[in-house]
Amino acid sequence: MVQYSQDELSGVIGQIYDCAVDPTLWLPTLTGIRDRMDLAYVQTHFMDRHYAVPGHTPEIVIFQTKWSEEWNRRLQAWLHKIPNLHKWFEADIDEPLSQFQIASEEEFKASEFYEAWVAPQDLCDFCNMTLIKRSQIDLGLSAATHNTHGMVDDELRQIFRLLAPHVRRSFLIGGMLDEGKLQLQLYRQLLDRIGAGVMIVAQDCRLVYANEMADALLSDGLTLTVRQNKVTTSSPPHAKGLKDALDRACTETDTAIGNFGNGIPLTGTDGSVAVCYVLPLGKSERRRELGPGLAAIFVTTNGANVPPALEVLSALSGMTSREARIALMIADGQSPNEAASALGISVHTLRTHLARIFEKTGVNSQRELAKFVGGLSLPMTAIASKAE
């Protein structure tokens, strides 16, 4: 499988952020990924149960590359026949799994699903990755390979891991833009109708524009405030995190924001919690339609949109979900042996994860790691309680 160059990857990530503003761009964006990686198809699938009526199907939004509508309809009838399908749903967030990782090739090819749906289309393998897994919403990224391509390999899995935080952020922000099921055009007067605070901020944190909800948040000063016309947090310990996220968002390339800046917890002076998402406007003309600034901050105090502690720790540190889970276990007092046993991995593998965690957090010992995680315990605990 062909690898992306850094410039190509930067371009794809920029396109993913554009999809937050214009969802019609998902088709060309996913098509570009499909063609570059020589895949049969690529899709994102989003399920929202907030508005589900008992006895009715929740809202499901699927963006995918072109595929036969007839085979799409048939897939729904055969999904339950996929061998060990539950393992995909039980997988860690941001951990791509292929079909042949959850079932042997012999078992898969002997299944009714293979005979009825896979073989007739000359498909070979599938890869699925969960990006959001909460009580009310789910988001996943999937792909399939042709027989001429072969089984899913490590390069495809790595590309999925690199794209994961950006696809997640695009959907979360896009969901805020579409709050109330409104088909909004991105003009300032309509931003006031969005169910989240929206601010356009220049590179020096100077506030360029705030919609009505953001203006109310800034006025009460509980989580965010404006000093000398610059946006900052009301809680001094969180000011640097927000400033760093804005600095990354205002760089020339979309890749610079990395895993950081997504789901930054802001503890209010009254103990309340808000979460802000930073959208890099960068060089994209489409995203610049939001306003003349270089970054957009979306703020929500809605508990349904608040990510759990694992997601927040991953966002703040750049850890993978597995690494964040290990960090939380170590901070909770578990030994490497206990954590490895609970996760079903070897101690050697866990220590490899720990080395990466130390590098990403700038600590040198388990004690320092516990202190690092402990410093985030208040916002993460509050977030977890609000999300339940």
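The following paragraphs describe the overall make-up of a predicted model, and then its first helix, its cysteines, its aromatic contacts and a few individual residues.

The chain contains 18 helices and 12 strands, and of its 388 residues 51% count as buried. Its accessible surface comes to about 17,700 Å², of which 51% belongs to carbon and sulfur atoms. Among the contacts between residues at least 6 apart in sequence, 61% join residues that are at least 24 apart.

Helix 1 comprises 16 residues, from 6 to 21, and its end C-alpha atoms are 24 Å apart, in agreement with the span of 22 Å that is expected at 1.5 Å a residue. Within this helix, the buried positions are L9, S10, V12, I13, G14, I16, Y17, D18, C19, A20 and V21. In general, an α-helix has 3.6 residues a turn, so residues three or four places apart point the same way. In the case of C19, the relative accessible area is 2%, and because buried residues are those under 20%, C19 falls in that class.

A second cysteine, C124, is likewise assigned to the buried class, with a relative accessible area of 12%. A disulfide is a covalent bond between the sulfur atoms of two cysteines. With a cut-off of 2.5 Å between cysteine sulfur atoms, the count for the model comes to 0 disulfides.

Aromatic contacts, in contrast, are represented by 13 pairs. One of them is formed by Y41 and W67, whose rings lie 5.0 Å apart, centre to centre, with 65° between the planes, an arrangement that is edge-to-face. Because Y41 belongs to strand 1 (residues 41-48) whereas W67 lies in the loop between strand 2 (59-64) and helix 3 (69-78), the pair ties together parts that are 26 residues apart in sequence. Y41 itself is buried, its relative accessible area being 9%. The edge-to-face label follows from the angle between the planes, since a value of 65° is over the limit of 60 degrees that applies to this class.

One aromatic cluster is formed by W71, F100, F108, F113, Y114, W117 and F126. The ring of W71, a member of this cluster, also takes part in a contact with a charged group, in that the charged end of R74 sits over the ring, 4.4 Å from its centre.

Two residues other than glycine were found with positive phi values, namely D122, with phi near 60°, and N229, with phi of about 65°. Each is placed in a loop: D122 lies between helix 7 (112-118) and strand 4 (123-133), while N229 lies between strand 8 (224-227) and strand 9 (230-233). With regard to solvent accessibility, D122 counts as partly exposed at 39% relative accessibility, and N229 counts as partly exposed at 39% as well. The assignment holds because partly exposed residues are those between the limits of 20% and 50%.

Finally, A342 is located in helix 15 (residues 336-343) and is exposed, with a relative accessible area of 56%. This value places A342 in the exposed class because the class begins over 50%. Between A342 and I326, which are 16 residues apart in sequence, the distance in space is 10.0 Å from C-alpha to C-alpha.

Definitions and conventions
Residues are numbered from 1 along each chain as its sequence is written. This is a predicted model: local features need pLDDT of at least 70, side-chain atom pairs count only at pLDDT 80 or more; totals for chains, interfaces and linings use all residues. Side-chain values use heavy atoms; hydrogens and water are left out. Helices (H or I, at least four residues) and strands (E, at least two) are DSSP runs, numbered from the N terminus. The expected span of a helix is 1.5 Å times one less than its number of residues. Buried means under 20% relative accessible area, exposed over 50%, partly exposed in between (1.4 Å probe, protein chains only). Rings of Phe, Tyr and Trp (its six-membered ring) pair if their centres lie within 6.5 Å; planes under 30 degrees apart count as stacked, over 60 as edge-to-face and the rest as tilted. A charge sits over a ring if NZ of Lys or CZ of Arg is within 6 Å of the ring centre and within 35 degrees of the ring normal. Contact means heavy atoms within 4.5 Å. Accessible areas come from the Shrake-Rupley method with a 1.4 Å probe; for residues, only the protein chains shown count as cover.
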